[in-house]
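Open your viewer, get comfortable, and keep the selection box handy. We will go from stop to stop, and at each one I will suggest what to pick and tell you what is there.

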Amino acid sequence: MKHWRVEQVSWDRFDPSKVDPEIVPLVKAAAMVERNGDDYAIYLKRVFRDDPDFQRAAENWAVEEVQHGDALGRWGEVADPGWDYRAAFERYRAGYRIDLDANASIRGSRTGELIARCMVETGTSSYYTALGEATEEPVLKEICRLIAADEYRHFKLFYDHMKRYLAREDLSFLQRLKVAAGRIGESEDDELAFAYHCSNEDPSIPYSHDRCIAGYMGRAMGFYRYRHIERGMGMVFKAVGLEPRGRLSDLAARGAWRLLCWRRDRFRAALRREAAPPPLAQAA
Ligand SMILES: [Fe+2]
Ligand SMILES: [Fe+2]
């Protein structure tokens, strides 16, 4: 069912001289979150327990997400020999677990669950497109292109199932908007921050959400261009039932772009504070 395989990537084209050191920690952290996709499939299969069609789709989806983790993890090991993808992921799994004991979606409805999934796929699709365009390293470029295409297909998959449930559950526009906005807001929670910690920091360093989210976002947000936000906003609009291309979507994209630039600069300032040597003690 997969559209590509890790072995098909042209690993022999890897060019160490083209590796941007700012991208390496992002790739390592993303590998953790992607690899964790099979846990999310267990949760989805419980939420949609009487829907075998969707359960099968969720299983296939998870196989692709896990492969994203494996491809990014392997690139992380090639770019930084000595880094251990499996060991980093074990650390991540030991410290970060999603709640699998769900009988119903944490989003309040199945339609809501699927809208939240659409938001995640919008985010990943835009992110890998942005990373792939930014990197000069040919293997990472290829991986990002392959992953971004998968993420866009995932968006369409969840969107189609969402439409089916929307007809049944009749979630209001405001309810849909609330779920979408809520899920977007969660991107700065522990899932990514802790992934950054486990894949980039020594186990002896205690986890700090603020330090790690700044480490991740301060770098990641720098790779976006306005066109990525514009396209992403179209997907968000489509998922909540608004016209994806129009004045309102343009306006929202411009607002989101301004917000992203502001957040990016704040995270970068936090990164600089982190990197700065502590102030000298007053001479006695
Ligand atoms: Fe993915
Ligand atoms: Fe995906």
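What spacing do the donors of the iron ion (ligand 1) follow along the chain? Their pattern is E-x30-E-x2-H-x82-E. Before you zoom in, please keep in mind that this is a predicted model.

**Stop 1: the iron ion (ligand 1)**

Select ligand 1 and show the side chains around this iron ion. Its coordinating atoms come from Glu 34, which is listed with two OE donors, Glu 65 (OE), His 68 (ND1) and Glu 151 (OE), at 1.9 to 2.7 Å. Now colour two helices: Glu 34 sits in helix α1 (residues 24–35) and His 68 in helix α3, so this pair ties together parts that are 34 residues apart in sequence. Are Glu 34 and His 68 buried or exposed? Both of them are buried.

**Stop 2: across to the iron ion (ligand 2)**

Keep Glu 65 selected and follow its side chain. Glu 65 bridges the iron ion (ligand 1) and the iron ion (ligand 2), and the two ions lie 3.7 Å apart.

Next, centre on ligand 2. The protein donors here are Glu 65 (OE), Glu 121 with two OE entries, Glu 151 (OE) and His 154 (ND1), lying 1.9 to 2.8 Å from the iron ion. Along the sequence, these donor residues are spaced E-x55-E-x29-E-x2-H. Glu 65 belongs to helix α3 (residues 52–79) and His 154 to helix α6 (residues 138–169), so the pair ties together parts that are 89 residues apart in sequence. Glu 65 and His 154 are buried too.

**Stop 3: α6 beside α10**

Leave the metals and select α6 together with helix α10 (residues 226–240). These two helices pack at an angle of about 15 degrees, with their axes 11 Å apart. That angle makes α6 roughly parallel to α10. Their crossing is left-handed.

Show side chains to see who meets whom:

- From α6, pick Tyr 152, Phe 155, Tyr 159 and Met 162.
- From α10, pick Arg 231, Met 235, Lys 238 and Ala 239, which they meet.

By class, the residues of this α6–α10 contact divide into 6 nonpolar, no polar and 2 charged.

**Stop 4: α5 against α10**

Keep α10 on screen, hide α6 and bring up helix α5 (residues 110–134). The angle between α5 and α10 is about 165 degrees, and their axes are 10 Å apart. That makes α5 roughly antiparallel to α10. Here the crossing is right-handed.

Which residues of α10 does α5 meet? They are Arg 227, His 228, Arg 231, Gly 232, Met 235, Val 236 and Ala 239. On the α5 side, the contact includes Ile 115, Cys 118, Met 119 and Thr 122, and also Ser 125 and Ser 126. Sorted by class, the contact of α5 with α10 has 7 nonpolar, 6 polar and 3 charged residues.

**Stop 5: helix α8**

Select residues 190–200, which form helix α8, and switch on a surface. This helix is mostly covered, with 8 of its 11 residues buried. Among the buried residues are Leu 192, Phe 194, Tyr 196, His 197 and Cys 198. To see what surrounds them, display α1, α4 (85–95) and α9 (209–220), against which the buried residues of α8 pack.

**Stop 6: three single residues**

Start with Leu 146, back in helix α6. At 18% relative accessibility, Leu 146 counts as buried. Setting aside residues up to four places away in sequence, Leu 146 touches Trp 4 and Val 9. Try a distance label from Leu 146 to His 161: the two are 15 residues apart in sequence and 23 Å apart in space, C-alpha to C-alpha.

Then move to Asp 170, in the loop between α6 and α7 (173–185). Asp 170 has a positive phi of about 55 degrees although it is not a glycine. Is Asp 170 buried or exposed? Asp 170 is exposed, with a relative accessible area of 61%.

Finish at Gly 185, in helix α7. Gly 185 counts as exposed at 51% relative accessibility. For a last distance label, join the C-alpha atoms of Gly 185 and Val 27: they are separated by 21 Å and lie 158 residues apart along the chain.

Methods
Residues numbered from 1 in each chain as written. Chains lettered and ligands numbered in written order. Predicted model: local features only at pLDDT ≥ 70, side-chain atom pairs only at ≥ 80, totals over all residues. Heavy atoms only, no water. Donors = N, O, S within 2.8 Å, 3.2 Å for Na, K, Ca; no water. Helix = DSSP H or I, 4+ residues; strand = E, 2+ residues; numbered from the N terminus. Buried < 20%, exposed > 50% of the residue type's maximum accessible area, 1.4 Å probe, protein only. Axes fitted to C-alpha atoms, helices over the stretch in contact; angles between N-to-C directions. Parallel < 35°, antiparallel > 145°, perpendicular 65-115°, else oblique. Left-handed = near helix turned anticlockwise from the far one by under 90°. Contact = heavy atoms within 4.5 Å. Nonpolar A, V, L, I, M, F, W, Y, C, P; charged D, E, K, R; others polar.
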